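Student: I'm new to this one, and I'd like to know what stands behind the labels people use. Can we go through a few?

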Amino acid sequence: MDILSALVRIVGNDRVSNSPEELFIYSRDSGAQPPRRADYVVMPKTVEEVRNVLLLANEAKIPVTPLGGGFTLSALVVPNKGGMVLDMRRMDRILEVDEINRYALIEAGVSQGALRSYLQKNHPRLQHSMPEAPPTATVVGNALIQGHGHISPRYGLNSDMVSGMEVVLPTGDICKIGSCSLGPSWFTRGPLPDLPGLFIGWLGTTGVVTKLAIKLYPKPAFREVIAFKSDDVDLMTEAIFEATYLDLLEDFFIIAQEKPDWLNHIFYVLILSGHSKEELELKKSAYKRLFREFKGGGKVEFVEQLHPALEKRFLDVPPLAALAADFRKGGGFEYTGAILPITKVPEAWRKGMEIFRKYGMMCSYVHQVLMGNSVMFGFNYSFNRADEVDIQNTRRALEESNRLTYELGGIVWKGEVGAQKLAMERMDPNTFRLIQGIKKFLDPNGIMNPGNWELSEDPKTNKVS
Ligand SMILES: Cc1cc2nc3c(=O)[nH]c(=O)nc-3n(C[C@H](O)[C@H](O)[C@H](O)COP(=O)(O)OP(=O)(O)OC[C@H]3O[C@@H](n4cnc5c(N)ncnc54)[C@H](O)[C@@H]3O)c2cc1C
């Protein structure tokens, strides 16, 4: 079968290509993973087009890799086994904003920046949870990888904010999930069997999400950043516990970096918000008091004059914490997003430091504290893209950070294929089999982003087959 002609028949000449110049960009991402081959790129505009592309791919057994903004950095949108990249960015309509029931219904290609601008202009009292990722990252891609945004410490992971979905299965079925499967409103995903879980966290291996409803939240008029600092790594668990226990935060970061010198401390950065100045002042004084009295006093210091660079970065929506990183010449950047229990933060800190030193990396830590019981602990590595040795060192450092994450009882977030393998090798065998069974049921020919959540068939390497 001439696949290119069949794809042209579905989406037209302009939105499909197999030319090497255009495929170049789809065969790599901006992280440290090596490039891989893509055979076609297709840009559907309608759900029917997505369906027809999947029916074709399923019949011809051609791999399909769904692409949103492509910013996970861990090459999740770079095909492992060739085939087509399904670039969703032409499906970019904001279909509905329900102010009173507080959700936005969007197509899969709507970017973070587009939704934000639309809300600012048309619904200024509402906001969605913005990740720090580049604004061209998609809302759907982010929710599907269990991402987090600038109000996550207050309201939960961005995937928890999904209130409905439309999904095309590789077999061509178009499914509605949540209240939208029963009536016109997309306001809730339950009480019903929680089917979004069949598509969240699966890295595009179970179906293509074409529409998504995401919850919206009040947008307080006042925000302020305050910071505390200490150099005592062992205090971190308790400091996180107390700060989240007080439960008045909008967002909460811990950052540290070797250079410049003023950043070479452990900074607890608290973003507070309020509908009135009084509310904000109350929250500020509650946190100042908490740290003043923390462990009898004097252990964590209030930062009287926050460096303007730091203040500005954290006041932005989303806060630009990663931009505080002291990037190396050459512009490369990748991180292991380790989701860790807060009790493991000091150990992760120390052992992570050993990895930085071993590979000659610049020490740069940013952690976003999630809902009080976990942190997203970023082992951040910047590298020179033009220097092969530097890239190799980054890959080794990432792999060690991944192993460390699992050893500490954590989970690697949005991990590259190698990190997924480490997880599956450790996983309870029945859980592993359940995952493989669900994948097989939804995608019988294994066309969806193959290589992800997959162990090799080799019995020597497949410990849990
Ligand atoms: C500097 C920087 C800072 C970052 N900060 C944050 C942060 O604060 N919070 C955060 O959560 N992330 C952050 N990230 C990570 C990442 O960029 C974001 O999570 C981003 O939102 C992912 O969305 P995307 O559109 O790029 O997804 P993609 O990379 O395109 O896709 C992610 C996964 O979802 C699948 N997928 C995409 N669309 C679909 C679809 N329609 N149907 C089925 N599967 C699909 C893909 O196959 C892939 O497996 C950051 C990245 C960078 C570079």
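Tutor: Sure. Keep in mind that this is a predicted model. Let's start with His150, which sits in the loop between helix 5 (139-144) and helix 6 (152-155).

Student: Why is His150 called buried?

Tutor: Its relative accessible area is 1%, and buried means under 20%, so His150 gets that label.

Student: Which residues does His150 touch, leaving out those up to four places away in sequence?

Tutor: Here they are: Gln127, His128, Ser129, Met130, Arg223, Glu250, Asp251, Val317, Pro318 and Pro319.

Student: What makes the pairing of the His150 and Gln127 side chains a polar contact?

Tutor: The two side chains are joined at 2.8 Å, and the cut-off for such a pair of N or O atoms is within 3.5 Å. So 2.8 Å passes, and the contact counts as polar.

Student: How many disulfides does the structure hold?

Tutor: Zero. Take Cys175: the nearest cysteine sulfur belongs to Cys180 and is 10 Å away. A disulfide needs sulfur atoms within 2.5 Å, so Cys175 is in none. Seen from Cys180, the nearest cysteine sulfur is that of Cys175, again 10 Å away, so Cys180 is in no disulfide either.

Student: Why is Cys180 called buried, and why is Cys175 called partly exposed?

Tutor: Cys180 has a relative accessible area of 8%, which is under 20%, so Cys180 is buried. Cys175 has 26%; that lies between the 20% and 50% cut-offs, so Cys175 is partly exposed.

Key:
Residues are numbered from 1 along each chain as its sequence is written. This is a predicted model: local features need pLDDT of at least 70, side-chain atom pairs count only at pLDDT 80 or more; totals for chains, interfaces and linings use all residues. Side-chain values use heavy atoms; hydrogens and water are left out. Helices (H or I, at least four residues) and strands (E, at least two) are DSSP runs, numbered from the N terminus. Buried means under 20% relative accessible area, exposed over 50%, partly exposed in between (1.4 Å probe, protein chains only). Contact means heavy atoms within 4.5 Å. A polar contact is a pair of N or O atoms within 3.5 Å; within protein, one must be able to donate a hydrogen and the other to accept it, and residues adjacent in sequence count only if both atoms are side-chain atoms.
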